[in-house]
Amino acid sequence: KKVTEAASPYRVVACLAGGESGVDLGDYLSEALGVRTNGTDIPNRRDKKLQQELCRKAGLRSVRQSGGSKFSQVEDFLKRESYPVVLKPTESAGSDGVKLCRTFEEAKD
């Protein structure tokens with residue numbers, strides 16, 4: 001309501017995120033304002049692992065992946081995969097924090 005009040009006397013017709021970190025807020029605001037929206041049904045759309053799982057469930061091609069907050073949670077996956085592999089933080093923008101690993105040892109570092 002406060003956003004609508006602040007924008008008056010203008011009519012709000014869209015809500016765009018100004019950058020990657022604003023995606024979740026943009027979804028929330030666009031939904032609350034009743035304009036075209038991606039909605040908030042999917043928690044944290046910036047989660048790359050979740051995005052890939054949703055693609056796979058929809059029958060689209062997706063990457064083989066594993067995720068966890070500790071190395072031990074992905075260690076078995078990394079031992080089975082062929083290399084190189086790409087390690088990426090769950091939430092990041094562009095190549096922020098991305099690491100190309102040619103061996104298991106590089107991935108472990």
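The lining of the largest pocket in this predicted model is a mix of eleven nonpolar, nine polar and seven charged residues. The pocket itself has a volume of about 750 Å³. Of its 27 lining residues, Ser66, Gly67, Val86, Leu87 and Lys88 sit closest to the centre. Helix 3 (48–57), helix 4 (75–80) and strand 1 (85–87) each chip in with at least two residues of the lining.

Salt bridges come next, and a search of the whole structure turns up four of them. One of these joins Glu20 to Lys48, with the closest N and O atoms 3.3 Å apart. Glu20 belongs to the loop between helix 1 (2–7) and helix 2, while Lys48 is in helix 3, so this pair ties together parts that are 28 residues apart in sequence. Glu20 is partly exposed, at 32% relative accessibility.

Helix 3 also holds a pair of its own: Glu53 and Lys49 form a salt bridge, with 2.5 Å between the closest N and O atoms. The two are four residues apart, about one turn of the helix. Both partners count as partly exposed, Glu53 at 22% relative accessibility and Lys49 at 29%. In helix 4, Lys79 and Glu75 are likewise four residues apart, about one helical turn, and their side chains meet in a salt bridge at 3.5 Å, N to O. Lys79 counts as exposed, because its relative accessibility is 53%.

Ser30, in helix 2 (residues 23–33), is buried, with just 3% relative accessibility. Its side chain reaches the backbone oxygen of Gly26 at 2.9 Å. Beyond its neighbours within four places in sequence, Ser30 is in contact with Cys15, Val35, Arg36 and Thr37.

Technical notes: Residues are numbered from 1 along each chain as its sequence is written. This is a predicted model: local features need pLDDT of at least 70, side-chain atom pairs count only at pLDDT 80 or more; totals for chains, interfaces and linings use all residues. Side-chain values use heavy atoms; hydrogens and water are left out. On a 1 Å grid over the protein atoms alone, a cavity is a set of points where a 1.4 Å probe fits but cannot get out, and a pocket is an open set with protein on both sides within 12 Å along at least five of seven lines; lining residues have an atom within 4 Å of a point. Grid points are joined across faces, edges and corners, and a volume is the space filled by probe spheres set on the points. Ala, Val, Leu, Ile, Met, Phe, Trp, Tyr, Cys and Pro count as nonpolar, Asp, Glu, Lys and Arg as charged, and the others, Gly among them, as polar. Buried means under 20% relative accessible area, exposed over 50%, partly exposed in between (1.4 Å probe, protein chains only). A polar contact is a pair of N or O atoms within 3.5 Å; within protein, one must be able to donate a hydrogen and the other to accept it, and residues adjacent in sequence count only if both atoms are side-chain atoms. Contact means heavy atoms within 4.5 Å. A salt bridge is a side-chain nitrogen of Lys or Arg within 4 Å of a carboxyl oxygen of Asp or Glu.
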